[in-house]
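Please open the model in your viewer and keep the sequence panel beside it. The tour begins with the whole chain and then moves to selections of aromatic side chains.

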Amino acid sequence: MKKTERVNLIMRYINNRAHFTIAEIQREFKISRATAIRDINEIQAMGFPLTSELGRGGGYHVLQNQYLPAARFTPDELKAMFISFIASKNSQLPYLHNRRSITEKLIGIATQTQQDELIELNNILLFENTNPANPNLLELDDAAPVELNQLISLAVRDKHLRVTYELSPGWPQLMDVYLLHIFNSNAQWLVEIYDFDTDEFRYLPVEMLRDSAISEQKMKLSEQEILNKKRLGARESNLVVRLDTAGIQRFKRMHPPGIILAFTGMFQSSGIFHVQLDVTDVEALAYYADWLLFLGIGVEFERIPDELRVIMDERLASWKKRIGP
């Protein structure tokens, strides 16, 4: 392995760690202690934020929130990053102020010609979530819920969390949860969690969460046991739906939070999703009936609860009466 390639690999290795030792670098890259020290010194000289700790058990710490080594971008790479920011504006994204400062730095390192091109790109490209009347890249319309940054920062360290869920003002609920995913659905940020107290999987709006912290309680189930419960629940789903291309396009336009569409055909030409519906929840059944009818004729049911089928048949019969012969 060439020295430059090895140094780049070591940089990636240590960038994902808060602490490492020379011995770990030796084992990982099968190099001598002297070579490892030389490579680390070279990485420090490049400006990588490291601090050393002497003594037994010492090593190196990667400083957080420090400037990273300078990177050089090609004109096409600069455009790619700039376009990704244009595409994601007005999307309630986390770390908004960081995105703004990154954008300003990208513009700052560009030549005058490149800056002119980036400004023109901002004027030309309109994505689905762009506000054509005010397509300013640095607008504040995409501010995320306040708790989102905190949840992300915690979850990358430990997914076993304590959160306060306030469904209505003045009625906070303290929850011991395992966080599976954070995602954006229909312009709303949600967390998928396993609730240890109720032994169920839930989807909670981030805007209704506060005071999130790493839980001090002992986990009642391991991560693998939680994932196994989720997989078992998917296999036992009472609503299994296949979609063709037309159904997939409508699914992308609107779908209930938490439903994962698995693509089964080439070029996303077909897909399938599983849902476990509570057949005693009349409101939920009515919602799903309306949504499934919205998906149109590109729907094929592998499994559907009788209670839901009855509501859909009633909806169709009602529409036929209104339309007439």
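The radius of gyration used here is taken over C-alpha atoms, and the globule rule it is compared with is 2.2 Å times the number of residues to the power 0.38. The model is predicted, and with the whole protein chain selected, its radius of gyration is 26 Å, whereas a compact globule of 325 residues would have one near 20 Å. Orient the view along the principal axes, and the C-alpha atoms of the protein chain fill a box of roughly 85 × 55 × 45 Å.

Switch next to a cartoon, in which the secondary structure of the protein chain comes to 11 helices and 12 strands. If you then colour by accessibility, buried residues make up 35% of the 325 residues, while the protein chain exposes about 20,300 Å², of which carbon and sulfur atoms supply 53%. Among contacts between residues at least 6 apart in sequence, 58% join residues at least 24 apart.

Now show the side chains of Phe, Tyr and Trp, for which a search of the whole structure finds 10 aromatic pairs. Select Phe251 and Trp291, whose ring centres are 5.9 Å apart and whose planes stand at 55°, so this pair is classed as tilted; the class follows because planes under 30 degrees apart count as stacked and those over 60 as edge-to-face. Phe251 lies in helix H9 (residues 245–253) and Trp291 in helix H10 (residues 282–294), so the pair ties together parts that are 40 residues apart in sequence. Both Phe251 and Trp291 are buried.

Keep Trp291 in view and add Tyr288, which forms an edge-to-face aromatic pair with Trp291, at 6.0 Å centre to centre and with 85° between the planes. These two residues are 3 apart in helix H10, which means that about one helical turn separates Tyr288 from Trp291. Tyr288 and Trp291 are both buried. To see the wider arrangement, extend the selection to Phe273 and Tyr287, since ring pairs link Phe251, Phe273, Tyr287, Tyr288 and Trp291 into a cluster.

The last stops concern charged side chains placed over rings. Select Arg250 together with Phe294, and you will find Arg250 over the face of Phe294, at 5.4 Å from the ring centre. Then move to Lys230 and Phe201, where the charged end of Lys230 sits over the ring of Phe201, 5.7 Å from its centre.

Notes. Residues numbered from 1 in each chain as written. Predicted model: local features only at pLDDT ≥ 70, side-chain atom pairs only at ≥ 80, totals over all residues. Heavy atoms only, no water. Phe/Tyr/Trp six-rings, centres within 6.5 Å; stacked < 30°, edge-to-face > 60°. Helix = DSSP H or I, 4+ residues; strand = E, 2+ residues; numbered from the N terminus. Buried < 20%, exposed > 50% of the residue type's maximum accessible area, 1.4 Å probe, protein only. Lys NZ or Arg CZ within 6 Å of the ring centre and 35° of its normal. Contact = heavy atoms within 4.5 Å. Areas by Shrake-Rupley, 256 points an atom, 1.4 Å probe, with all protein chains shown as cover.
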